[in-house]
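Please open the model in your viewer and keep the sequence panel beside it. The tour below proposes one selection after another and says what is found at each stop.

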Amino acid sequence: MINEIYDVIVVGAGHAGCEAAAAAANLGSKTLLVTMNMQTIGQMSCNPAMGGIAKGQIVREIDAMGGYSGIIADQSAIQFKMLNLSKGPAMWSPRTQNDRMLFAYEWRLALENTPNLDFFQDMVKSLIIENHKVTGVVTSLGIQIRAKSVVLTNGTFLNGLIHVGDKQLGGGRMGEPRAFGITEQLVSLGFQAGRMKTGTPPRVDGRSLDYTKMEEQKGDENPGKFSYLDAPKLEKQLSCHIVYTNETVHEILREGFDRSPMFNGTIQSIGPRYCPSIEDKINRFAERNRHQLFVEPEGWRTVEIYVNGFSSSLPEEIQVKAMKHIPGFENVKVFRPGYAIEYDYFPPTQLNHTLETKLIQNLYFAGQINGTTGYEEAAGQGLIAGINAHNKVNDKEEFTLNRDEAYIGVLIDDLITKGTEEPYRMFTSRAEYRLLLRQDNADIRLTEKSHRLGLAKDERLKKVEEKIAKSNELEGFLRETSLKPGIINPILEKIESAPVDQAYRAAQILTRPNMTLDKLNEIDFIKTATENYSEEVREQAEINIKYRGYIEKEKENVAKLNRLETIKIPDDFDYSKIFSLSSEAKQKFQKIQPRTIAQASRISGVSPADINVLLIYLGR
């Protein structure tokens, strides 16, 4: 037995576990990170990329709060792209292509340089539970390690089962053993468990590909970054490539359907709706004669290529035969085939907003154990679980984020209020206040909150305060500066916008469609006044001016909803006594135990009439 009693033990060193351990340790808790393999800390199990639609916003939120994911992504980036720039700023989403080995190396280095953080390599097979409270873990070697709180971030390892065609092998990732014991113990304690499925595509030898037959996808000409802290600019980038499947590829893949665990009944669990396998795509979308694939490099110093979009659990010989008919893949050499993996998860309606379980005190779940998919969703949960595990054992207030404050808040509220029966993925459409939750203002939204917790350092808060002051200053200049027709009309003519016959404020002109601050900078005195501001500040001021009306309207809607957030429901409230409630509402309320009227209103199957009945019963 290890004699030391830890404040927080984090089980699993994937994206959720790394962020949970870093947060708890940086807040001052004596923290232990237990992993089955010290060599796979921070491993990118699937695609070598961070961010993307809505996921990029989550990474920036983690960074704004003092988490590590954004910094690590910047340090290991081989390409940067801002997605959706043709749409409004609520949709802009940063994404990096990353060096897989460098990403894991930088994570381990960051954690090893984090005070208060210890490491131990072993499998956790059970928890020590006393009086409905977790007090430690037991490893496969029989070692008992005591702790005041435990965060489980088991990823795909809980009873993981890998499928390649009709072959099956136990594992949490290809080549790594599965974890067992925890599911069975938690179920015996009254937890509900389920099974989910995910998959990964083949990895191939880039030297065997003909890139001249593919469409090159370069990074942004002026690449950005995730972290709000100063970081070296990405001077050199690697290209990705796009290619398409065809009818011949589809026909070959269909040959293996009778041996596919997806179709022969071997896999019963549900896979990710928005990241289906290639066999699922050609089965569900039979009318399509091609599907897009992204050919993604795995790093600066490796020839390994990730074939994004070709996730498969078909027999390996079928995968290879089909790939050889993809343009540029005629001579492909495969490093490892794609595979599917089934694993245990726990429906997240069994959690509070802090990610603490309702059944066992001081026990937290984060990541794929909650039914999510994606590094970013896992990392966001890990951050919140790590903060709350620290706060709980130090008798501090719970820390939660509302739906109008962060995508992380939307993610967690969706999980614990609605649950999920398929791997949950974040999208901008899931956030009703996405204009407030932009990637550019995550620091303004969250850094001060995190600084009050003690997680975000003084340096971060100072940078945010400077950014706010400078953007307000620039915004003020643009609102006060008049532009005469002779100065502005030539620019308006270029963008085919109606000319003006009197002087207008620069801010008024900026609100016109297709008008940008860069275009206004064609006016010498505007350029002279704005060029001393950073790109980040100019972007902030421009968004505030162009979308001011929409932003104010969204804030009004938040204020209305927040009135319902203030109406608390007692913990021991007995819904069975309210005869006017629908049977479904009673059942859902008893199961989820919403803490506020607003949360109750978001539960699937609950009608406005049920909420009105609840309001009346609560004296409102």
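Which helices are included in what covers the buried residues of α21? Select α19 (583–592) and α20 (597–601), since both are part of that cover, where contact means heavy atoms within 4.5 Å. Within α21 itself (residues 608–617), the buried residues are D610, I611, V613, L614 and L615; buried means under 20% relative accessible area, exposed means over 50%, and partly exposed lies in between, with a 1.4 Å probe and protein chains only. An α-helix has 3.6 residues a turn, so residues three or four places apart point the same way. After α21 comes G619, which has a positive phi near 80°.

Before going further, note that this is a predicted model, in which local features need pLDDT of at least 70 and side-chain atom pairs count only at pLDDT 80 or more, while totals for chains, interfaces and linings use all residues. Residues are numbered from 1 along each chain as its sequence is written, and side-chain values use heavy atoms, with hydrogens and water left out.

Now show the whole protein chain, which holds 21 helices and 22 strands; helices (H or I, at least four residues) and strands (E, at least two) are DSSP runs, numbered from the N terminus. Along the principal axes, its C-alpha atoms fill a box of roughly 80 × 70 × 50 Å. The radius of gyration of the protein chain is 26 Å, which agrees with the value near 25 Å for a compact globule of 620 residues; this radius is taken over C-alpha atoms, and the globule rule is 2.2 Å times the number of residues to the power 0.38. Of the 620 residues, 57% are buried, and among contacts with a separation of 6 or more, 72% join residues 24 or more positions apart.

Next, select helix α2 (residues 55–64), where 10 of the 10 residues are buried, so that α2 is largely enclosed by the rest of the structure. The buried residues of α2 include charged-letter entries in your sequence panel such as K55, R60, E61 and D63, together with I58, V59 and I62. G66 follows α2 and has a positive phi, near 100°.

Move on to Q75, in helix α3 (residues 69–75), which counts as partly exposed because its relative accessibility is 41%. Leaving aside neighbours within four places in sequence, Q75 is in contact with L102 and E106.

For the interior, select I9, L111, V150, L152, L186, L363 and F365, the residues with the most contacts inside the largest nonpolar core, which has 88 residues. A nonpolar core is a set of buried Ala, Val, Leu, Ile, Met, Phe, Trp, Tyr and Cys residues joined through side-chain atoms within 4.5 Å. Apart from this core lies another, of 22 residues, among them V204, V249, I318 and V332.

Finally, compare two loop residues. Most residues other than glycine have a negative phi. H132, in the loop between β7 and β8 (133–139), has a positive phi near 60°, and so does L355, at about 75°, in the loop between β19 (339–345) and β20 (363–365). Which of these surroundings is buried or exposed? H132 counts as exposed at 58% relative accessibility, whereas L355 counts as buried at 1%.
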